[in-house]
Amino acid sequence: MHGIVKVFPGVRALDGVDLDVRAGEVHCLLGQNGAGKSTLIKVLAGAHQPDEGEIRWQGEQIRLTTPMAAMKNGIATIYQELDLVDGLTVAENIYLGHEMASAGFARRGETQKAAAALLSRLGHPEISPRREVGALSAAGKQIVSMARALSHDVKLIIMDEPSAVLDQEEVARLFKVIRDLTAEGVAVVYISHRLEEIRQIGDRVTVLKDGRTVATGLAARDTPTRELTRRMTGRDIEYVFPPRQSRDGDGSVVLAVRDLSAGKEFSGVDFEVRAGEIVGLAGLVGSGRSEILETIYGARKASSGSVSVDGRTLRNGSVRAAVGAGVGLCPEERKSQGLLLDEAIYRNVSLATIGRFARGGFLNRGDEKRAATEHIKSLDVRPADVERAVRTLSGGNQQKVVLARWLLRECRVLLLDEPTRGVDVGARSEIYALVRRLADEGVAVVLVSSEVPEVLGLADRVLVLRDGVVVHTGPADDIDEHRVLDLVMEGSAA
Ligand SMILES: Nc1ncnc2c1ncn2[C@@H]1O[C@H](COP(=O)(O)OP(=O)(O)OP(=O)(O)O)[C@@H](O)[C@H]1O
Ligand SMILES: [Mg+2]
């Protein structure tokens, strides 16, 4: 790709980008939220038409006018916002648009068999081709999207933040698939905000900043992190966590979870969170972390045990009761949980708090915008224009909008599920600082994250979960990443 320019109303998303990708390499694309990564790969995938620049494919200049045209050339894409059809089955999604599938019912058995083979190749034989995609987890959908890419004869696979919905074990599986593919000569363009992944899987790195290529061909393994982050942000980033709780746990107990169980999801979970404290839950996807948050929030019914806030027991399975007591949940699958894409940023931010801005039946737009603007600034959402439609923001910036919504709610108890997913290194520190500030103001915070260093760095106390059971509880200072991973995998004290 050479000199690629893409202009959206009011933004020059790509301003002359160069990228060359070789057969059999993993080429990593780095850049802050809004740098232009997704836009660039959409151009390569035939989903956007560039305003200027050329694309050469195997030596020839080509025009990719539609996603189908890219597909026919052997370019497959796994998008950041997955584009599967929830109402169709796994097999139907994988073979959507294939001739084999359009041949009708008689071929269904064939597509299901082929789908099952692809899913096994990806290390997920447990996903049934007959299952409806809407019923799968975010990670499951990701796998299906991968299978769909592999169902074509691919020469280049583009992956836009594939690891954002995967846990460590699943990432390892994905990396194995990537290594197999590159060994066969397939090229991979890999986007991620996690630098340690770039080191593990990448060959060369291209860095985008404000729609321009600022570095290309860097060696993924040998380029110092400082240099990468400096190229991305134009400044030195100290990847630091805010200092821990100053009051040393002397706040009163705000949230008490007593012997809580929910069916097969988790059992006997028992902990409390004091005012000013951040408690982190570590564990694999499927270990019950998110389910615990949902149960505390009342979105899921507990089969036994209780949850109380400020000494008052909440009614089991009632979101209303939880919200009334000041519990807020920032869910894992933020996108599907109610961003109004065509509405302005400030409307989205104030959605959960609308009551505060209404006086005598009239919404006070001024207050609403002011409050939203403050949060948008503190989370470094770009562009920081609260009037913009959320749809026009980059993936990471959309996430920050949802986060801002929950931070604005002024909760007693804040449940955060993967708060920094898809957020770049620069903005992460802002989020960490903000969460700590909320805690310092007296909020009890429960944090779930697949990134162990994040749990250990941000939380005061850590609970390690395995298969729905707490296998370790203790101060975050007393445990390191290796120990957590051991516990998560083995569940037994070494
Ligand atoms: N459809 C659109 N209309 C208007 N502006 C857009 C549109 N899509 C993207 N943009 C803008 O283009 C710029 C680049 O966005 P892009 O999604 O490519 O960023 P990104 O590097 O993928 O970021 P992230 O890490 O957050 O996913 C951003 O300023 C974004 O707001
Ligand atoms: Mg993106």
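**Strand E3 and some salt bridges**

Biologist: Which strand does E3 pair with over four bridges in the parallel sense, and holds the bridge partner of Leu29?

Modeller: Keep in mind that we're looking at a predicted model. E3 and E8, residues 187–191, pair in the parallel sense over four bridges. Leu29 has Ile191 as its bridge partner there, and Ile191 sits in E8.

Biologist: And on the E9 side, what is the bridge partner of His27?

Modeller: E3 and E9 (residues 204–209) run parallel too, joined by four bridges. The partner of His27 in E9 is Arg204.

Biologist: Which residues of E3 point the other way from Val26, Cys28 and Leu30?

Modeller: Side chains in a regular strand alternate between the two faces of the sheet. Val26, Cys28 and Leu30 share one direction here, and all the residues on both sides are buried. That leaves, pointing the other way, His27 and Leu29.

Biologist: Is Glu418, which forms a salt bridge with Arg421, buried or exposed?

Modeller: The closest N and O atoms of Glu418 and Arg421 are 3.6 Å apart. Buried means under 20% relative accessible area. Glu418 has 3%, so Glu418 is buried.

Biologist: How many residues apart in sequence are the parts tied together by Glu451 and Arg428?

Modeller: Their side chains meet in a salt bridge, 3.1 Å from N to O. Glu451 lies in the loop between strand E20 and helix H17, while Arg428 lies in helix H16, so the pair ties together parts whose separation in sequence is 23 residues.

Biologist: Which residues join Arg428 and Glu451 in one network?

Modeller: Salt bridges that share partners make the network. Besides Arg428 and Glu451, it takes in Arg194 and Glu197.

Note on methods
Residues are numbered from 1 along each chain as its sequence is written. Chains are lettered from A and ligands numbered from 1 in the order in which they are written. This is a predicted model: local features need pLDDT of at least 70, side-chain atom pairs count only at pLDDT 80 or more; totals for chains, interfaces and linings use all residues. Side-chain values use heavy atoms; hydrogens and water are left out. Buried means under 20% relative accessible area, exposed over 50%, partly exposed in between (1.4 Å probe, protein chains only). Helices (H or I, at least four residues) and strands (E, at least two) are DSSP runs, numbered from the N terminus. Two strands pair if DSSP finds at least two bridges between them. A salt bridge is a side-chain nitrogen of Lys or Arg within 4 Å of a carboxyl oxygen of Asp or Glu.
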